[in-house]
Structure formats: structure tokens, C-alpha cells
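Work through the following exercises with the sequence and the coordinates open side by side. Each task is followed by a solution that goes step by step.

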Amino acid sequence: MGKSPLPTMGDVARHAGVSPATVARVLYNAGTVSAEKKQRIEAALEATGYRPNIVARGLRTQRSWTIGMIVVDGTINPFFTHLTQAVRTEALDRGYNVLVYNHGMSAKREADAVSNLIQQRADAVIFSYGVAAENMAPLVEAGIPIVQVERDLTLTTHSVLIDPVPGISEAINHLVELGHQRIAYIGGDPKLYPRPRPHGSTMEEDRLRAYQSAMEANGLRVSDGMIQLGLYFSPAGNPITDEGRKLTHQLMAQKDRPTAILASGDTLAAGTLQELSQMGIAVPQDVSVIGFDNSIADLLTPPLSSIGRPLQEMGIAALDLAISAISDVAMKKETIRFPTKLIIRRSTGPLAKT
């Protein structure tokens, strides 16, 4: 005996004595329906079992049981893929769907994603990370909670951030213990990423300052040219590692070359490894390399020492904040800050003897 077919919107409409269009208006909150018809449709939904886990529950609680995620792009940096997966897995266990949009650093695409999520009646939206603070305004006006991950553009939302200081301090200390003194830094240029500073500084400024402070704490002078700043990744259409290769080439073109390089992103560090290999410079025998993100570090050759943050815990914390804010609209804005930690692999080694 075959299985009974799943109920359709037409089944609900026939049971309630209304048109399918009227059922759709109730399901998607897309128009005015009389209280009497809405009651009949809700009863028909219960009777037919049409999408009971999400729709019927949403009609009772005024929730869609959907959380939106607006991220940069997992193809640019696997960090966003790992974070999204952590949120999706945890959300599924708690009965929520997750709709993910990539903006690729486009403010227009971010605005379109916000508009779509409002139309989809998302209960909360997680950004990692936002491009334009003004794009969050429609969500605030609609009463939809916002959680920003890693970077925050405004103090008016919940945030899950990281502290780069512990990991960068560990990285510099590790290199110094290996005998390195000429330790260079490549990273995002704050001038190329003119973001709001709700906490007084941007992520780019925080990471650069952490490097400078760690060098100073070890009694090391940051000589001219040892800091090379640019983009985190190359513009669309170019190999993603080109920017890291360019910054590394500028470092190694100097008379007093660095013996170690700290990159503020694994994608930049991947470019560093490629450029050093092209130049015939061995890692770590000639130059040690450390990345930041711990996103693709164990896939590179040699496996990359990298500064990581607890992505699983960050994703769960963001979801916790979102769900708490859904339940309590008056919830006080909260910021959770996670430490960073150096993961040592085979891209760092003792200073070569001359």
C-alpha cells in the first residue's frame, strides 16, 4: 500500500472553504484577511498537517522560525563558510531554518539581502560582517534583532567579537623564541577599509596595533618597510592570493629582508607562501610564516601556523543572542568577546644560521 500524498495548499483551501490565494496571504503575512477566515485557515492547517512544524507554529507564535545570515562570501574566506555551518547546525537542533546571503562587500547586495529577509519575515539576522550601517536600519525599524559577528558597525546591536591581542602576542613571542627579530607584518590597510569605529578603532587598526605592541614588548624595533598594508584579497577576476603575493614581494625586495612574516589573514598568508616559493625561499628554513583565521591553514604547504578563534563557539554565541533577543525584545544590547590563540604548525622554525 503506497504512502498518502503530502497535503497541499489546495487541500488547506478546500478544507477552509477559501481560495489558495487567501491561504497564501495568511501563510506569508502578505495581505489582509478577516479574523474569521484566518481562524478557519489555521484550523485547516492543523487538520491537514500542511507544513505543521514551521507554518502552523509560526501562525500561533507570530514567528517564522527563520534566522537570516548575511555574510561576505565563503569563496573569498572559508571563515564565513565555517561560521555559517556552525550556526546552521545549531539552529536546526533548535527548530530554526537559516537563510544565507552573500554580499561580497557590496552595499547594494547587502541592502537587497536585508529587504528579502524582511519579506521572508526573518525572526533575527546575523551579520558577518556588515558593509553599511544604514542597511541595518530597516531591520531595526521592523523590530528584527541583529547580531554582528567579528566586526560591528554600530553599538545599537548585539555583537560577537574577538580580541586579537592574545593570539598576536603569542605569535610574536613564538617567533622571538625561535630567534627571529626582523618580523614583518602584512595586513588590511585601515585607509582602504574606512569603517565606523563604535569601539574607537577598526579591526584592521586593532590587529596592526597588537603587532606593534607585541614587538615593543619584546624590545624589537619595527623598521621602515616591515609593515606592508593593502587589501585582504585581490579584486574579483584575479587569483585570490595575488594581494598577499604583492605585499610579500614588496617585503622581500628590501635590503634587510624579514626572517619571519605575520599575515593578518590566512588568504594573505597563502599568497605569502606562493610568492616565497616562486622566489626560491624555503618555509620555514629561510622565512617563517604565521597567518590569522585558522581557516585554510592546515590545507596549505607547509601546514600554516595560524592565529585562530573558536568559530564553533562564536557561531553558537551569535545564535544564542539572536534567539534570546527574539524572545525578549527589550533585551539589553550585549557584546561577547572571544580570545584568539596561536596554533603552531610547520610554517615556523628556528632562525637560519648565517
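**Exercise 1.** In this predicted model, determine which strands helix α11 lies across, and then place those strands in their sheet.

*Solution.* Helix α11, residues 266-278, lies across β6, β8, β9 and β10 (305-308), and its direction makes an angle of about 155° with β9. These strands belong to an open sheet of six strands with mixed pairing, whose order is β7-β6-β8-β9-β10-β12. At the edges stand β7 (227-230) and β12 (341-343), each of which has a single partner strand, so one side of each is left without a neighbour in the sheet. Neighbouring strands are turned by 20° against each other on average, if direction is ignored. Within the sheet, β6 (residues 183-188) and β8 (residues 260-263) run parallel and are joined by four bridges, and A184 has I261 in β8 as its bridge partner. A further helix, α9 (residues 203-217), lies across β6, β7, β8 and β9 (288-293), running at about 170° to β6.

**Exercise 2.** Which residues touch the most other members of the largest nonpolar core, and which helix gives the most to this core?

*Solution.* The largest nonpolar core has 75 residues, of which V160, Y211 and L262 touch the most other members. The helix that gives the most to this core is α12 (residues 311-327), with ten residues. If residues up to four places away in sequence are not counted, the contacts of Y211 include I183, A184, Y185, I227 and L262. Another core, of twelve residues, lies apart from the largest one and has I70, V114, L117 and L153 among its members.

**Exercise 3.** Classify the aromatic pairs W65 with Y96 and Y185 with Y211, and decide whether each of the residues is buried or exposed.

*Solution.* The ring centres of W65 and Y96 are 4.9 Å apart and the planes stand at 45°, which lies between the limits of 30 and 60 degrees, so the pair is tilted. For Y185 and Y211 the distance is 5.0 Å centre to centre with 25° between the planes, and this pair is stacked. Since Y185 lies in strand β6 and Y211 in helix α9, the pair ties together parts that are 26 residues apart in sequence. Buried means under 20% relative accessible area; W65 at 10% is therefore buried, as are Y96 at 4%, Y185 at 2% and Y211 at 0%.

**Exercise 4.** Which arginine lies over the face of Y129, and which over the face of F292?

*Solution.* R151 lies over the face of Y129, at 3.8 Å from the ring centre, and Y129 also forms one aromatic cluster with F79 and F80. Over the face of F292 lies R207, at 3.9 Å from the ring centre.

Note on methods:
Residues are numbered from 1 along each chain as its sequence is written. This is a predicted model: local features need pLDDT of at least 70, side-chain atom pairs count only at pLDDT 80 or more; totals for chains, interfaces and linings use all residues. Side-chain values use heavy atoms; hydrogens and water are left out. Two strands pair if DSSP finds at least two bridges between them. Helices (H or I, at least four residues) and strands (E, at least two) are DSSP runs, numbered from the N terminus. Axes are lines fitted to C-alpha atoms, for helices over the stretch in contact, and angles run from 0 to 180 degrees between N-to-C directions. Contact means heavy atoms within 4.5 Å. A nonpolar core is a set of buried Ala, Val, Leu, Ile, Met, Phe, Trp, Tyr and Cys residues joined through side-chain atoms within 4.5 Å. Buried means under 20% relative accessible area, exposed over 50%, partly exposed in between (1.4 Å probe, protein chains only). Rings of Phe, Tyr and Trp (its six-membered ring) pair if their centres lie within 6.5 Å; planes under 30 degrees apart count as stacked, over 60 as edge-to-face and the rest as tilted. A charge sits over a ring if NZ of Lys or CZ of Arg is within 6 Å of the ring centre and within 35 degrees of the ring normal.
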